[in-house]
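This report covers the secondary structure elements of one protein chain and the contacts between them. The sequence and the model come before the text.

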Amino acid sequence: VNPNIQPSWHFHPELEIVYVKHGSGKRHVGNHISYYNGGDLIFLGPNLPHYGFTDRLSGSNSEIVVQMKETFLGKHFFALPEMTNILQLFERSKAGLSFYGNTKDEVGARLSSLFYMDEFDKLVEFLKILQILATSKEYNILNASGVTLIVQGQDTDRIDTIYKYVRNHFTEPIQLEDIAEVVSMTI
């Protein structure tokens with residue numbers, strides 16, 4: 001954990017699992033905002049904009065983050081019949097998923113154990129983690145779909161600047177011209 005890194009509004013082409021063991025914080029995924037207590041486990045689809053999940057003021061100052069491309073085991077691996085549940089999990093993740101209960105606890109413990117395994121065992125254990133998530137009924141859909149972004153990498157800084165501006169001025173009327181000026185664009 002690097003406490004000097006400030007969370008930022010961002011997105012990426014990888015799927016992402018985020019596990020926060022303790023504490024409370026805010027989920028900001030796409031157009032969805034909610035709070036959690038007692039830790040969190042979320043699964044995010046590709047290009048789903050999100051903001052850092054830990055809250056250093058409430059004691060949840062560490063998180064485990066796993067990112068992977070859908071093709072990390074080859075282009076057709078998850079098309080195998082044995083992988084149907086996981087492929088469906090990937091599809092559901094496009095809306096953002098929050099897991100709770102025994103699923104959160106078991107997957108959190110398994111994610112933590114990855115640090116102590118050799119490479120082969122990590123891969124096998126990670127597939128088990130995906131299968132647990134894929135077959136669990138203990139999840140909520142964050143309904144953040146419809147806001148995935150497909151843009152150039154250099155646009156990430158611009159989006160982060162806009163997000164920070166809105167966050168710092170949300171109590172005031174914000175004009176499109178103001179935002180455009182902040183990121184040196186014209187309308």
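The sections below treat the basis of the model, the sheet, the helices and the salt bridges.

## Basis

The model is predicted: local features need pLDDT of at least 70, side-chain atom pairs count only at pLDDT 80 or more, and totals for chains, interfaces and linings use all residues. Residues are numbered from 1 along each chain as its sequence is written, and side-chain values use heavy atoms, with hydrogens and water left out.

Helices (H or I, at least four residues) and strands (E, at least two) are DSSP runs numbered from the N terminus. Buried stands for under 20% relative accessible area, exposed for over 50%, and partly exposed for values in between (1.4 Å probe, protein chains only).

## The sheet

An open sheet is formed by 5 strands in the order β5-β1-β4-β6-β7, with antiparallel pairing; two strands pair if DSSP finds at least two bridges between them. β5 and β7 (139-141) are the edge strands, each with a single partner strand, so one side of each has no neighbour in the sheet. From one strand to the next the twist averages 15 degrees, where axes are lines fitted to C-alpha atoms, for helices over the stretch in contact, and angles run from 0 to 180 degrees between N-to-C directions.

At one edge, β5 pairs with strand β1 (residues 15-20) over 5 antiparallel bridges, and Leu15 stands opposite Met68 of β5. In a regular strand the side chains alternate between the two faces of the sheet. Strand β5 (residues 64-68) shows this alternation: Ile64, Val66 and Met68 point to one face and are buried, whereas Val65 and Gln67 point to the other and are not. At the other edge, strand β6 (residues 97-99) and β7 run antiparallel and are joined by 3 bridges; Leu97 has Ile141 in β7 as its bridge partner.

## The helices

Helix α1 (residues 84-92) lies across β1, β4, β6 and β7 and runs at about 115 degrees to β6.

The 17 residues of α3 should span 24 Å at 1.5 Å a residue (the expected span is 1.5 Å times one less than the number of residues). The end C-alpha atoms of α3 are 25 Å apart, which agrees. At the start of α3, a side-chain oxygen of Asp118 comes within 3.2 Å of the backbone nitrogen of Phe120. The buried residues of α3 are Glu125, Phe126, Ile129, Leu130, Ile132, Leu133 and Ala134. Their cover includes β1, β4, β5, α1, β6 and α2 (101-113), with contact taken as heavy atoms within 4.5 Å.

## Salt bridges

The whole structure holds 5 salt bridges, each defined by a side-chain nitrogen of Lys or Arg within 4 Å of a carboxyl oxygen of Asp or Glu. In one of them, Arg27 pairs with Asp40, with the closest N and O atoms 2.9 Å apart. This pair links distant parts of the chain, Arg27 in strand β2 (residues 24-29) and Asp40 in strand β4 (residues 40-44), 13 residues apart. Both Arg27 and Asp40 are buried.

Glu91 forms a salt bridge with Lys94 at a closest N and O separation of 3.1 Å; Lys94 counts as partly exposed because its relative accessibility is 32%. Glu119 and Lys122 form another, with the closest N and O atoms 3.7 Å apart. Both lie in helix α3 (residues 119-135), 3 residues apart, about one turn of the helix. Glu119 counts as exposed at 61% relative accessibility, and Lys122 as partly exposed at 27%. Salt bridges also link Glu106, Arg110 and Glu125 in a network.

Terms used. Polar contact = N/O pair within 3.5 Å; in protein donor to acceptor, adjacent residues only side chain to side chain.
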